[in-house]
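Me: Could you take me through one part of this structure in some detail? I'd like to know what sits around one particular loop residue and how the strands nearby are put together.

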Amino acid sequence: MKWFVLVLAFPFLLLALVVLDTIWFHRRVERLTAEAAELNEGKEYDLFFLHSKGFVRARGMGQSITRIYGEIENLIGKKLLVVIKPGTYFISSGGHQNMATTTQYKFTLYPCATEHLGIDAVCINANRPIPGKRDRFYGVARVSDKVARFLEASMNEDPMVIQSGVWTLTDGYSRYSV
């Protein structure tokens with residue numbers, strides 16, 4: 001008889017959890033949107049800035065030595081014009097290399113929506129394994145100014161040339177060790 005009561009109560013408990021999660025989600029969006037009151041919907045904002053303020057969530061999945069799949073989630077109730085600058089890197093969630101963007105990306109991120117995009121990138125941290133399809137990235141950061149300048153100047157070069165240059169700057173590789 002006791003298990004029968006539990007079976008009958010389970011759907012109500014599940015419904016209560018869904019309602020609480022929905023309330024929590026809306027309160028979070030309202031709080032973050034209030035914090036983002038000064039953001040202008042017609043102005044472009046750097047992904048790193050938005051992520052550091054907690055207004056977006058940046059994640060990624062490894063693909064190869066030259067590509068990552070990004071997932072950028074808007075956590076506020078405002079439309080955002082997002083720019084990903086060369087040198088923004090997706091932070092490795094494991095022992096694999098971080099991945100830095102090699103070109104600039106611009107896109108519109110609608111309120112509480114997620115944008116999925118393929119991103120040209122290079123590996124940094126040559127002493128770690130190259131990310132594969134099962135590797136994940138959580139958060140973004142910026143490379144040093146020296147590496148960012150190199151990435152901006154080399155956007156039209158062959159991906160392996162860019163990769164060699166980055167490892168030279170970040171890990172001290174020579175032309176013999178690349």
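What follows is a walk through that loop residue and then the strands.

Reply: Sure. Keep in mind that this is a predicted model.

Let's start with threonine 103. You'll find threonine 103 in the loop that links strand E6 (98-101) to strand E7 (105-109). Is threonine 103 buried or exposed? Its relative accessible area is 19%, and since buried means under 20%, threonine 103 counts as buried.

So what does threonine 103 touch? Leaving aside residues up to four places away in sequence, the list is Ile84, Lys85, Pro86, Asp120 and Met155. There's also a polar contact: the side chain of threonine 103 meets the side chain of tyrosine 105 at 3.2 Å.

Proline 86, one of the residues touched by threonine 103, also turns up in another pairing. The C-alpha atoms of proline 86 and arginine 149 are 8.5 Å apart in space, although 63 residues separate the two in sequence. Arginine 149 belongs to helix H3 (residues 145-153). With 53% relative accessibility, arginine 149 is classed as exposed, because the cut-off for that is over 50%.

Now for the strands, beginning with E7, on one side of the loop. E7 is part of an open three-stranded sheet with the order E1-E4-E7 and mixed pairing. Strand E1 (44-46) and E7 are the edge strands, each pairing on one side only. On average, and ignoring direction, neighbouring strands here are turned by 35 degrees against each other.

Within that sheet, E1 and strand E4 (residues 80-84) run parallel and are joined by three bridges. Across from glutamate 44 you'll see leucine 81 in E4. Ile84, one of the contacts of threonine 103, lies in E4 too, as that strand covers residues 80-84.

On the other side of the loop is E6. E6 pairs with E8 in the antiparallel sense, over four bridges. Alanine 100 faces valine 122 of E8 in this arrangement. Strand E8 (residues 114-124) is also joined to strand E3 (residues 67-74), this time by seven bridges, and those two run antiparallel. There, isoleucine 68 stands opposite isoleucine 119 in E8. Asp120, another residue that threonine 103 touches, falls within E8, which spans residues 114-124.

One general point if you're scanning side chains along these runs: in a regular strand they alternate between the two faces of the sheet.

Notes. Residues are numbered from 1 along each chain as its sequence is written. This is a predicted model: local features need pLDDT of at least 70, side-chain atom pairs count only at pLDDT 80 or more; totals for chains, interfaces and linings use all residues. Side-chain values use heavy atoms; hydrogens and water are left out. Buried means under 20% relative accessible area, exposed over 50%, partly exposed in between (1.4 Å probe, protein chains only). A polar contact is a pair of N or O atoms within 3.5 Å; within protein, one must be able to donate a hydrogen and the other to accept it, and residues adjacent in sequence count only if both atoms are side-chain atoms. Contact means heavy atoms within 4.5 Å. Two strands pair if DSSP finds at least two bridges between them. Axes are lines fitted to C-alpha atoms, for helices over the stretch in contact, and angles run from 0 to 180 degrees between N-to-C directions.
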